[in-house]
Amino acid sequence: MSTPSLTALPIRRLTLRDLTACADLSEDRGWPREEHRWGLLLAAGTGYGIDDPEGGLVTACVVTEYGPRERPDLGAIGMVLVAEKHARQGVGRRLMRHVIAVMGTTPLTLHATAQGRPLYEELGFKVIGRAEMVRGLFAPCGRQPEVFTRPATAEDLTAILRLDEEIFGSDRTHMITRLPAFSDQLRVAEESGRIIGFASAWPTMDNHVVGPLIARDTETAKALIASLAAHTDRPLRTDVDVRHEELLSWLTERGVASISFNSVMTYGISELPGDWTRRFAPLTVAAG
């Protein structure tokens, strides 16, 4: 029996039952399996994929929507992957066109690698910025930030959600409320009893990823990172908007070195909502 053409295979919704298949697809392309991150995205977002008749997935991606359920303000696309044996056959383009059609008038955003950027540009996405991925063992040195930080408590959640919506520019309650279970650390920065920033550190196989990183200013962002680093022996990894030059220089001085750059792209809007000056790093590049 002949194998069906890739163009004939149906695109379907993915669920948490597809977690292992999604992790297998990541591994197939040389990415870490990151089942922990896949679990968050499939629970809080909507996965799309094509089944391989021989087993596993041909391709997959996840869209995380923000704002009102009936009319989202923004959709973040991430984890766009095509199995190696099906690469360069147009299947990724087909999946992306499907997602764009399903999302209708909802503005979209994604972080693109250099390899993926031409496809997204072909589909109508525009580059609006860049994020720098940095990684390393944090080595405290010099003057320490003086901003007060502490572990977040359940009583902080309302204030965290209010601050996050103000700075992110859209309601992402369904993501932020998952942080206490998803992260190994969730910390807040406080001044005169008022929360002025927060950050989490969540685990991968050998790192702690810092994200989201929301802060009143650069000193607050530094204090949050330093406090997260003080409570882990793993390397830190994060993706910082390149416009935050002072924070990136500070991280480099402390052993957290540049690894790569991604293009921040949008479809249907010219800029992301919210206040980039206080939005230092995404929760994950796959979800904004």
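How much space lies in the second largest pocket? About 420 Å³. The model on screen is predicted, and this tour starts at that pocket.

**Stop 1: the second largest pocket**

Select His 111, Asp 241, Val 264, Leu 272 and Arg 279, which are the closest to the centre of the second largest pocket among the 29 residues that line it. Then colour strands E4, E5, E6, E11 and E13, each of which supplies at least two residues of this lining. The largest share comes from E6, with four residues. By class, the lining of the second largest pocket holds 18 nonpolar, five polar and six charged residues.

**Stop 2: strands E5, E6 and E12**

Keep His 111 selected and show strand E5 (residues 108-112) with strand E12 (residues 257-267). The two run antiparallel and are joined by five bridges. His 111 stands opposite Val 264 in E12, and both residues belong to the group closest to the centre of the second largest pocket.

Now add strand E6 (126-136). E6 pairs with E12 over nine bridges, also in the antiparallel sense. To find one of the places where they meet, select Val 127 and its bridge partner in E12, Met 265.

**Stop 3: the largest pocket**

Move to the largest pocket, with a volume of about 1,200 Å³. Of the 42 residues that line the largest pocket, select Trp 31, Val 80, Leu 81, Thr 113 and Gly 116, the closest to its centre. Next show strand E4 (74-82), helix H3 (91-103), E5, helix H4 (117-122), E11 and E12, each of which supplies at least two lining residues. E4 gives the most to this lining, with six residues. The lining of the largest pocket divides into 23 nonpolar, 12 polar and seven charged residues.

E4, E5 and E11 are thus worth keeping in view: each supplies at least two residues to the lining of the largest pocket and at least two to that of the second largest pocket.

**Stop 4: helix H9**

Select helix H9 (residues 245-253) and pick out its buried residues, Leu 247, Leu 248, Trp 250 and Leu 251. Looking down the axis of H9, these buried residues fall within an arc of 160°, so they line one face of the helix. An α-helix has 3.6 residues a turn, so residues three or four places apart point the same way. On the other side of H9, select Glu 245, Thr 252 and Glu 253, which are exposed.

What do the buried residues of H9 pack against? Their partners are strands E6, E10 (208-215), E11 (236-241) and E13 (279-281), together with helix H8 (218-229). Past the end of the helix, select Gly 255, which follows H9 and has a positive phi, near 90°.

**Stop 5: the cavity**

A search of the whole structure finds one cavity of 30 Å³ or more. The largest cavity holds about 40 Å³ of space. To see what surrounds it, select Val 134, Val 210, Ile 225, Leu 236, Arg 237, Thr 238, Leu 251 and Val 256, which line the largest cavity. Leu 251 is one of the buried residues of H9 from the previous stop. E11 gives the most to the lining of the largest cavity, with three residues. By class, that lining has six nonpolar residues, one polar and one charged.

**Stop 6: helices H1 and H2**

Finish with helix H1 (residues 19-28) and select Cys 22 in it. Is Cys 22 buried or exposed? Its relative accessibility is 0%, so Cys 22 counts as buried. Leaving aside its neighbours within four places in sequence, Cys 22 is in contact with Leu 14, Trp 38, Leu 42 and Leu 57. Draw a distance from the C-alpha atom of Cys 22 to that of Glu 35, 13 residues apart along the chain, and it should read 8.0 Å.

Helix H2 (residues 35-44) is mostly covered, with seven of its 10 residues buried. Select Arg 37, Trp 38, Gly 39, Leu 40, Leu 41, Leu 42 and Ala 44, which are the buried residues of H2. Trp 38 and Leu 42 are the contacts of Cys 22 noted above.

Back in H1, select Asp 24. Asp 24 counts as partly exposed because its relative accessibility is 38%. The C-alpha atoms of Asp 24 and Glu 34, 10 residues apart along the chain, are separated by 9.7 Å.

Terms used. Residues numbered from 1 in each chain as written. Predicted model: local features only at pLDDT ≥ 70, side-chain atom pairs only at ≥ 80, totals over all residues. Heavy atoms only, no water. Buried < 20%, exposed > 50% of the residue type's maximum accessible area, 1.4 Å probe, protein only. Arc of directions from axis to C-beta. Contact = heavy atoms within 4.5 Å. Pairing = 2+ DSSP bridges. 1 Å grid on protein atoms, 1.4 Å probe; cavity = no way out; pocket = protein on both sides within 12 Å on 5 of 7 lines; lining within 4 Å. Points joined across faces, edges and corners; volume = space filled by probe spheres on them. Nonpolar A, V, L, I, M, F, W, Y, C, P; charged D, E, K, R; others polar.
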